[in-house]
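I opened my notebook to work through one protein chain. I wanted to go from the whole chain down to single residues.

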Amino acid sequence: VHNRIIEHTESIAFFGGDEVEHEVADGRWKKVADHIRSAQLETLRFNIFNNFTIKQTPDIVAFALRMMYAQGYMNDAAILSDGGGSKVSSGGEYIQQTVMRSFRSFGEAFDLQETLGQFIGTLENVTDLMYTLEDLSAKNDNSARNPSLIQSDGDIVFEDVDIVAPGNICVVSNLNVNIKPGKPVVVTGPNAAGKSSLFRTLGGLWPIPKGKIKRPSNEKGVVTPKEVFLVPQKPYSVTGSLADQITYPEKIKSAERTNEQEAALLGLMTLVGIPYLVEREGGWDAVAKWEDVLSLGEQQRIGCARLFYHNPKFAVLDECTSAVSVDVEEKLYRAAKERGITSITISQRLALEEFHTQELKMGDANGKDGWALRDIEN
């Protein structure tokens with residue numbers, strides 16, 4: 001509840017929803033308090049039962065058995081003859097010690113059961129983690145060996161590809177597109193038309209039920225940031241320093257970072273229009289919760305700086321400049337073109353036509369297969 005309020009503070013304040021949120025928070029708190037009281041009551045009952053069973057019951061049982069044993073010596077003659085008194089005393093002591101040891105053993109067995117339960121729970125968690133890691137490793141290996149994903153030295157080619165979303169929803173059928181280096185493409189269409197699904201299949205994140213995709217990759221068949229780089233609408237803010245935001249997924253330790261590298265990073269920040277962040281945030285080694293510290297526009301510019309740092313062959317730009325001005329957007333696209341980065345822009349509408357050579361329209365309105373391709377005249 002608190003995280004949701006923190007995330008939407010401005011909207012709640014603007015709409016005057018403080019009383020509603022206060023009521024929601026109080027209701028959640030009441031549920032938590034009731035649960036804690038119920039748990040404490042159950043713990044108290046168990047402790048009373050456990051204390052009585054382990055500590056009080058042995059004395060009661062031992063006393064009852066000693067009394068039963070002593071009933072064999074009901075008169076004074078039986079006690080005084082043949083050492084009867086010592087028999088009563090020693091026999092009763094033996095009974096009491098036997099009972100105490102037996103109950104102590106049962107108590108230790110109960111404690112051992114709890115310890116074993118905790119151990120088994122931990123073991124199951126570790127085992128589940130190992131199985132999950134093995135499954136992920138197997139999926140990565142299968143993705144690398146996927147016959148539908150073919151390594152290419154230059155072009156990105158979709159050959160008769162069906163893009164099927166989770167739930168067996170086919171968003172595009174028989175997709176045939178050839179994206180050549182230096183020939184940027186803009187992918188347009190309404191929401192849920194399958195635009196973002198394009199890069200999920202390109203990266204091997206989704207299975208390909210039909211067709212083949214050729215794309216640049218390393219020797220293991222895995223797409224790396226040096227071949228195809230993704231810049232989403234809200235870039236991922238990695239936990240780390242300001243420098244890490246640009247170099248991710250690479251990480252340059254502060255002690256190993258040279259002046260030349262810092263100058264290059266500052267040049268990228270200047271290119272995207274946010275060199276002031278270095279001084280404002282306290283230097284390259286400043287650490288913060290960047291998704292809260294930086295505005296969406298600054299985050300998108302950081303994402304573009306990250307793109308220019310890795311300088312890939314192709315860049316999938318998923319509405320990554322929606323929060324910056326048009327002039328800055330043109331500047332970023334021009335910088336990508338100058339660096340030889342071929343853009344694959346995902347947008348709801350056609351924009352910046354001068355930076356693209358083809359438009360891939362997606363959606364039900366574009367034929368029975370859900371797509372259409374046209375050349376852009378510049």
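**Entry 1: the whole chain**

I counted the secondary structure of the chain first: twelve helices and ten strands. Helices (H or I, at least four residues) and strands (E, at least two) are DSSP runs, numbered from the N terminus. I noted that this is a predicted model, where local features need pLDDT of at least 70 and side-chain atom pairs count only at pLDDT 80 or more, while totals for chains, interfaces and linings use all residues. Residues are numbered from 1 along each chain as its sequence is written, and side-chain values use heavy atoms, with hydrogens and water left out.

How much of the chain is buried? I found that buried residues make up 35% of the 378 residues. Buried means under 20% relative accessible area, exposed means over 50%, and partly exposed lies in between (1.4 Å probe, protein chains only).

Next I looked up the accessible surface, which is about 23200 Å². Carbon and sulfur atoms hold 56% of that surface. The areas come from the Shrake-Rupley method with a 1.4 Å probe; for residues, only the protein chains shown count as cover.

Then I turned to contacts, meaning heavy atoms within 4.5 Å. I took those between residues at least 6 apart in sequence, and 67% of them join residues at least 24 apart.

**Entry 2: a hairpin**

I followed strand E2 (residues 156-165) into strand E3 (residues 169-179). The two run antiparallel and are joined by seven bridges. Two strands pair if DSSP finds at least two bridges between them. I picked out one partnership: Ile163 bridges to Val172 in E3. Three residues lie between the strands of this hairpin, and Gly167 has a positive phi there, near 95°.

Asp160 also made me stop. It sits in strand E2, and its phi is positive, near 50°, though it is not a glycine. Asp160 counts as partly exposed, at 38% relative accessibility.

**Entry 3: helix H12**

I checked the length of helix H12 (residues 326-338). Its 13 residues reach 18 Å from first C-alpha to last, close to the 18 Å expected at 1.5 Å a residue. The expected span is 1.5 Å times one less than the number of residues.

Which residues of H12 are buried? I listed Val328, Glu329, Leu332, Tyr333, Ala335 and Ala336. They are on the same side of H12, because they cover an arc of only 155° around the axis. The arc is that of the directions from the helix axis to the C-beta atoms. An α-helix has 3.6 residues a turn, so residues three or four places apart point the same way.

On the other side of H12, I found Val326, Asp327, Lys337 and Glu338 exposed. What do the buried residues of H12 pack against? I noted helix H8 (259-271), helix H11 (296-310), strand E7 (314-318) and strand E8 (342-347). Gly340 follows H12, with a positive phi near 75°.

**Entry 4: two buried residues**

I looked up Val231, which lies in strand E6 (residues 228-231). Val231 is buried, at 1% relative accessibility. Its C-alpha is 7.3 Å from that of Ala315, yet the two are 84 residues apart along the chain. Leaving out residues up to four places away in sequence, Val231 touches Gly303, Cys304, Leu307, Val316, Leu317, Asp318 and Cys320.

Leu268, in helix H8, was next. It is buried too, with a relative accessible area of 11%. With the sequence neighbours up to four places away left out, Leu268 touches Ile246, Ala305, Phe308 and Tyr309. Leu268 and Ile246 are 22 residues apart in sequence and 8.8 Å apart, C-alpha to C-alpha.

**Entry 5: backbone and cysteines**

Most residues other than glycine have a negative phi, and most peptide bonds are trans. I looked for exceptions. A cis peptide bond joins Tyr248 and Pro249, with omega about 10°. Pro249 is in the loop between helix H7 (242-247) and H8.

Asn311 lies in the loop between H11 and E7. Its phi is positive, near 50°, in a residue other than glycine. Asn311 is partly exposed, at 37% relative accessibility.

Last, how many disulfides does the whole structure hold? My search found zero. A disulfide is a pair of cysteine sulfur atoms within 2.5 Å. I also looked up two cysteines: Cys170 is partly exposed at 41% relative accessibility, and Cys304 is buried at 4%.
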